[in-house]
Amino acid sequence: MEKKELTTEEWKAEKKKKRAQFTAIQNLPYEVKIRRAEQRAYEFISELDKRGLNAHASVGGLDSIVLYIWLKSIGIDVPAVSVSSLEDRSIQLIHKALGVTLIAPGKSKVEVLNEVGFPVISKKIAGRIDTLQHPTEKNRTVRHAIITGECGAQGHYAKNSRMKLPQKWLNKFGGYENENEGVNYQMPDFLVSNKCCLYMKEQPCDKWAKVHDSCPFLGLMASEGGQREEALIDHGCNYFGKTVIRSAPFAPFMRNDILTLALEMDKWYKEHKDIFAAAFHEQPYGKNKDGSLKEYEPLDTIIPEIYGTIDRDDNGMLYTTDAQRTGCSMCGFGIHMEKRPHRFDKLRDRNEKEWEFWMYKCCVDKDTHEKFGWGKVLDYIGVDWENKWDETPKDKEQIPGQMYITDFPEAMP
């Protein structure tokens, strides 16, 4: 039976209904959401068993670290995989202590910046700028929508749609369509893209999954906003598509929920270290050159150092005292929304040489052959970076650096 084509109004009503239902689930008590997450996880495993498929946990930062340990705690024993080398060193240490399988990135960070473009502003906006920078006959309608907000049939002929770039970024990046649209916007002399994760993480993880007939558990939450929120609301916790099969049992969680569970899993890990010691010894990095087992060094906490500690604010809500989210040291999504000290300031404090490389030397101009880096990009979008953050004028508000990469809904995939 063919699926009925929805009118624009029906489509909007359906979207509104789904969002209302999802919001209701987000507002359920923590204990109820945990039980629902367990049901979704077991339903996912059951369906995979019927299809003759395996499962694994895709691990990166704190949320997915918690997911992996939580799956173990409820009796779902699946391996964890990660392109761990892209993460902060404190996260890499956690991965090894948990016995995570390490996968090499598909492209290096330097290759991505030089060949693909800079991940800046947000994944959604970077993707649209990428489209403007690579015009084809096929994406003409999309480019028109990005500049004007006027959509074609696929966008239900909407006017003033969210496809249009915010005016601030149109002024900076819309110049590729000046001739076509009769506008007079600027153009940068560097590439922008949202495909960094595709090449560095997604493709190598997908390749591993294909070899092992495995589908991922993901630590995604709709409360993080952006395209991720829309996808989770549309498809729910468990999704079985033609090309994508995945489970996101924490989809309805709020930040306080995942941090509550993090504290619980920190305790659970300490009571079940032998499980992770065994996983550690199964990995190449858990063995000596002669094949003997290395001594397992248990973690003091599963909370990576980059996050600080988990504390409560004046309203009783949990938060991490340092980074709220993490990502690659060369990632710029959300940087324009951070107050100093921003992530690049903090990188400078941790490792001046690495900071210098990313800011000045990571890319080579194809025409002039001169080296440049994030400094040029940050200058273009109006983010201060070159003066040390503690040298900023005293009359400017200084806020301890708690924000990192994906604190902001706009910056999320």
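Let's start with a right-handed β-α-β unit, which is built from strand 1, helix 3 (residues 62–73) and strand 2. Bear in mind as you look around that this is a predicted model. Strand 1 and strand 2 (residues 80–82) lie parallel, with two bridges pairing them. If you want a place to put your finger, take Ala-57: its bridge partner in strand 2 is Ala-80.

Strand 1 (residues 54–58) has another partner too, strand 5 (residues 214–217), and four bridges join these two in a parallel arrangement. Here you can find Asn-54 standing opposite Ser-214 of strand 5. While you are looking at strands, remember that side chains in a regular strand alternate between the two faces of the sheet.

Now step back for the whole picture. The protein chain holds 16 helices and twelve strands. It has 413 residues, and 49% of them are buried. How far along the sequence do the contacts reach? Take the contacts between residues at least 6 apart in sequence: 67% of them join residues at least 24 apart.

Pro-105 gives you a single case of a long reach along the chain. Look for Pro-105 in the loop between strand 3 (101–102) and helix 5 (109–115). With a relative accessibility of 28%, Pro-105 counts as partly exposed. Its C-alpha atom is 4.6 Å from that of Met-200, although the two residues are 95 apart along the chain. Setting aside neighbours within four places in sequence, the contacts of Pro-105 are Val-83, Ser-85, Leu-86, Met-200 and Pro-204.

Next, go to helix 2 (residues 30–51) and pick out Arg-40. Is Arg-40 buried or exposed? At a relative accessible area of 15%, Arg-40 is buried, because the cut-off for that is under 20%. Its side chain makes a polar contact of 2.9 Å with the side chain of Glu-43. That fits a handy bit of helix geometry: an α-helix has 3.6 residues a turn, so residues three or four places apart point the same way. Beyond its neighbours within four places in sequence, Arg-40 also touches Cys-237, Asn-238 and Ser-247.

Cys-237, one of those contacts, is buried as well, at 10% relative accessibility. That brings us to the cysteines. A disulfide is a covalent bond between the sulfur atoms of two cysteines. How many disulfides turn up in a search of the whole structure? The count is zero. Cys-363 shows how this plays out: the nearest cysteine sulfur belongs to Cys-362 and is 4.0 Å away, and Cys-363 is in no disulfide. The cut-off for a disulfide is 2.5 Å. Cys-363 is also buried, with a relative accessible area of 1%.

Charged pairs are another story. Side chains of opposite charge can pair when their charged atoms come close. Searching the whole structure turns up 17 salt bridges. One of them joins the side chains of Lys-72 and Asp-77, with 2.4 Å from N to O. The two ends of this pair sit in contrasting surroundings, since Lys-72 is buried at 14% relative accessibility, whereas Asp-77 is exposed at 62%.

Another salt bridge links the side chains of Lys-346 and Asp-322, at 2.6 Å from N to O. Lys-346 belongs to helix 14 (residues 343–350), while Asp-322 is in the loop between strand 9 (318–320) and strand 10 (332–333), so this pair ties together parts 24 residues apart in sequence. Lys-346 is buried at 13%, and Asp-322 is partly exposed at 25%.

A further salt bridge brings together the side chains of Arg-343 and Glu-338, at 2.3 Å from N to O. In this pair, both residues are buried.

That leaves us at helix 14, a good place to end the walk. Why is helix 14 described as largely enclosed by the rest of the structure? Because six of its eight residues are buried. They are Arg-343, Phe-344, Asp-345, Lys-346, Leu-347 and Arg-348, so you have already met Arg-343 and Lys-346 in their salt bridges. And what do the buried residues of helix 14 pack against? Their packing partners are strand 10, helix 15 (352–361) and helix 16 (374–381).

Definitions and conventions: Residues numbered from 1 in each chain as written. Predicted model: local features only at pLDDT ≥ 70, side-chain atom pairs only at ≥ 80, totals over all residues. Heavy atoms only, no water. Pairing = 2+ DSSP bridges. Right-handed = clockwise from strand over helix to strand, strands pointing away. Buried < 20%, exposed > 50% of the residue type's maximum accessible area, 1.4 Å probe, protein only. Polar contact = N/O pair within 3.5 Å; in protein donor to acceptor, adjacent residues only side chain to side chain. Contact = heavy atoms within 4.5 Å. Salt bridge = Lys/Arg side-chain N within 4 Å of Asp/Glu carboxyl O.
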